[in-house]
Amino acid sequence: MCSGLHLTAGAQQKKVVAARIKGIVNIDGKLNDAAWATADIAGSFIQNSPDPGKPSTVNTEVKILYDDEAVYIGAMMQDNTDSILRQLTPRDDYGEGNTDIFGVTFDTYTDQQNGFVFIVTAAGVQADAKMGIGGTDYSWNAAWLSKVGITDKGWSVEIKIPYSAIRFPHTSDQKWNVNFSRTVRRVRETSFWSPVLPQVAGFLIQAGRIDSIKDIKSPLRLTFLPYISTYAENYAGNTSTSVNGGLDLKYGLSESFTLDLTLVPDFGQTLYDNKVLNLSAVEVRYDERRYFFTEGTDLFNKNDLFYSRRVGGLPVNFFSIGSSVSIGDTITRNPLTTKLINAAKISGRTRRKLGVGFFNAIAEPAYATVYNNATKDYHTLQTAPLTNYNVMVLDQALKNNSYISLINTNVYRKENSYNANVSALLFRMATKGNKYALTGSGDVSQIFKTTPADVGYRYFLEAAKTSGNYTAYVNTTSISDRFNPNDLGYLDRNNVVYYEFSNNYNTYKPFWIVNSTYNHVGANISRVFNPDAFQSFTVYASHNVTLKNFLTFGAYWDAQPITGHDYLEPRTPGRFYAVPTSAMAGGFISTDYRKTFALDIQLNKRWFAEKNRDIVYFNISPRYRFSDKLSMVAATDYTVLDNNVGFVNANKGNIYLGTRDIRTMVNTLNAKYIFTPVMYLRLDARHYWSQASYKKYFSLNDNGTLSECTYNTNHNVNFNSFNIYTSYTWQFKPGSEVSVVYQNSIYTRGTNILTSYFSNIQQTFSSPQSNSLSVKIIYYLDYLTLKNSLRRTKK
């Protein structure tokens with residue numbers, strides 16, 4: 001074995017030879033087919049953690065075969081059979097399991113930025129993902145085969161990855177980068193065939209290479225995912241039912257490009273949103289949970305210009321429709337979403353490493369229903385016209401983990417509204433070995449409400465040291481007061497300029513009783529873009545330590561030593577609230593997840609230079625593993641804001657702010673029972689309770705201070721969101737599944753402040769609630785498999 005003690009990012013690239021076969025490989029996890037006997041061996045794995053650069057403490061051997069249909073991976077993980085951990089998890093959820101893991105990553109275009117990841121746990125659970133500059137996307141799913149075997153020498157796995165599951169250049173001699181990984185959970189060791197050093201930025205730049213894959217062709221990639229679903233919903237005693245059907249289609253336009261199309265999409269089984277009480281001027285950003293918009297969208301997710309929740313989201317005139325309603329009339333129905341007619345995306349990468357993406361979706365018009373109290377008739381008012389959403393991306397991968405990208409987003413509304421367009425240029429230029437990098441972007445937004453169009457801009461520039469124990473960056477961001485990408489993107493605020501300098505020093509080699517440490521110190525300044533004015537100055541730091549017994553703890557703090565000017569909270573251009581100086585300190589502890597019982601605890605507090613004003617946050621999250629099939633995680637978050645200051649109203653040039661005590665408690669429970677690697681039961685429950693009790697109101701002075709006033713309106717809020725999501729999933733064949741989902745939802749908002757948690761729960765449960773039960777069947781059909789089956793049937 002290699003000593004691994006002096007590995008560097010510039011070390012010679014490791015190679016393994018793939019062997020072409022003519023016979024059949026039985027995917028049974030036994031590695032006893034004759035073809036495996038003479039295949040080249042990829043071994044001598046090197047640790048990534050806990051002791052980077054040292055040889056793995058266990059032996060792993062990997063072999064690669066291929067034919068005209070697929071590439072095959074055979075791996076033998078030597079170990080004591082009784083020591084292999086094999087907790088079952090849902091597909092793609094292996095990170096939550098106490099289990100040993102084997103993985104393979106292919107960089108088929110050798111651009112060192114995009115890869116296909118395939119993972120199998122010792123329990124036989126599959127996971128797959130697409131890797132890119134923006135991160136790793138586990139919502140991507142492919143149809144492939146794997147089987148695990150347990151022997152007296154350890155555990156083994158056989159994997160068959162059809163060429164239809166991946167993309168590669170149209171060339172006779174394939175040049176792929178590859179890496180293999182292994183996790184031995186009982187000692188929390190992760191190792192790689194081609195060493196991956198934690199102090200080197202970039203996973204794919206540290207991959208090895210496959211030689212001798214020749215004369216393979218990308219097959220006709222045409223798959224159909226027809227579905228049928230049925231729903232029964234009851235709300236406040238009223239029951240409705242429906243039956244739906246539709247189709248998702250994937251078609252390989254070439255060896256590199258794929259068309260994804262959804263016709264009559266159905267998102268009824270989507271997990272609930274984590275609703276919150278929002279008293280700020282900033283829009284709450286919710287996660288995307290609709291599968292079509294999470295799978296394979298990595299190419300589009302640049303600079304937050306594509307926030308897919310806008311597609312089929314809140315109608316553009318939802319809030320303004322009230323001004324069109326006659327006095328005395330009543331809005332009886334105002335839908336919160338628009339219905340999609342269809343959506344499509346095309347994406348791929350050429351042999352010259354140019355990524356091309358195109359997304360398009362069409363939403364039908366939305367209407368509010370209005371009741372005329374005089375005539376006793378109903379009529380409709382349009383809240384959103386027929387709307388087309390469009391995204392185009394060009395992404396050129398360059399040497400040394402560098403790139404340059406162009407992106408354009410466009411929203412076209414057919415009538416009675418406005419259109420929007422955003423264009424952006426992004427780049428990253430890194431040195432050899434990815435040690436230093438210069439990153440930047442520039443965006444221009446156009447809102448076509450008036451002539452000429454309303455134009456805004458944003459730019460970002462960062463210089464960074466990205467590799468080594470010491471890393472650092474300095475950056476600046478400028479966002480004009482007219483920049484607005486929010487018709488299809490997400491921006492929490494414009495009209496701001498940021499400057500930041502940050503330093504990190506991490507240790508990865510174990511010493512004394514310590515495995516690793518992470519230390520972070522920095523400072524940032526923010527200013528208003530228009531008018532050019534100071535807003536805030538913050539210094540911050542964090543320090544994390546993981547011990548050799550895998551107990552992790554840390555501390556963090558920040559300070560704002562200069563009185564801040566908050567130009568956002570007054571909700572009026574040019575006005576600001578003077579925020580008193582403050583400091584925050586906190587810490588956390590996380591015990592070893594290998595144990596049957598583990599615990600996470602976090603506590604922090606912010607002190608203000610203002611009497612009786614502070615913020616306290618506490619979180620506790622126990623987790624318990626009953627068996628390799630049943631596990632549970634609970635969490636409680638409690639936040640206290642005393643004498644918080646916030647906007648309440650503006651009238652005739654007067655701006656009114658109020659002091660309020662805010663109490664927020666969030667309880668969650670997540671439980672999973674895994675029957676087999678392809679069948680599981682899941683429970684997600686959440687209760688969010690937040691109250692804002694106003695104590696006194698003030699008028700805002702021109703210098704940002706507050707003066708007592710006679711304003712006295714009740715703005716108290718008591719908000720509850722209670723959700724239960726229970727699902728049964730059976731993946732009865734690769735790509736195909738049956739899912740049964742039960743959902744319960746309760747949302748309440750009032751002005752009655754309750755001090756008792758149980759009184760609040762009782763009131764919440766007595767409110768109207770929605771209960772739904774749904775069954776959905778998705779069937780994966782591959783054109784070539786179906787065609788071959790029909791041929792065999794005819795014979």
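How many bridges pair strand 6 with strand 7, and in which sense do the two strands run? In this predicted model, the answer is six bridges, with strand 6 and strand 7 (residues 115–121) lined up in the antiparallel sense. Before going further into that corner of the fold, a look at the whole chain helps.

The protein chain is mostly a story of strands: 45 of them turn up, alongside four helices. The radius of gyration comes out at 28 Å, close to the 28 Å that the globule rule gives for 795 residues, so the chain is as compact as a globular protein of that length. Laid along the principal axes, the C-alpha atoms take up a box of roughly 90 × 65 × 55 Å. Some 49% of the 795 residues count as buried. What is left open to the outside adds up to about 36,800 Å², with carbon and sulfur atoms supplying 56% of that area. Sequence-distant parts also meet: looking at contacts between residues at least 6 apart in sequence, 62% link residues at least 24 apart. As for charge, there are 80 positive and 65 negative ones, and their mean positions sit 3 Å apart.

Back to strand 6, which spans residues 101–107 and is mostly covered, with seven of its seven residues buried. Ile101, Gly103, Thr105 and Asp107 point one way from the strand, while Phe102, Val104 and Phe106 point the other way; buried residues are found on both sides. Strand 7 is one partner of strand 6, and in that pairing Thr105 stands opposite Val117. Strand 12 (residues 173–184) is another partner, again antiparallel, this time over seven bridges. There, Phe106 faces Val178.

Further along the chain comes a run of hairpins. Strand 30 (residues 514–528) and strand 31 (residues 533–547) run antiparallel and are joined by 14 bridges. One matched pair in this stretch is Ser526 with Ser536, the latter in strand 31. Four residues make the hairpin connection from strand 30 to strand 31.

Strand 31 then pairs with strand 32 (residues 552–560), also in the antiparallel sense, over eight bridges. Here Ser542 stands opposite Tyr556 of strand 32. This hairpin, too, has four residues between its strands, and Phe550 adopts a positive phi near 65° in it. Strand 31 thus has strand 30 as one antiparallel partner and strand 32 as another.

Conventions: Residues numbered from 1 in each chain as written. Predicted model: local features only at pLDDT ≥ 70, side-chain atom pairs only at ≥ 80, totals over all residues. Heavy atoms only, no water. Rg over C-alpha atoms; globule rule 2.2 N^0.38 Å. Buried < 20%, exposed > 50% of the residue type's maximum accessible area, 1.4 Å probe, protein only. Contact = heavy atoms within 4.5 Å. Areas by Shrake-Rupley, 256 points an atom, 1.4 Å probe, with all protein chains shown as cover. Lys, Arg positive; Asp, Glu negative; His and termini not counted. Charge placed at Lys NZ, Arg CZ, Asp CG, Glu CD. Pairing = 2+ DSSP bridges.
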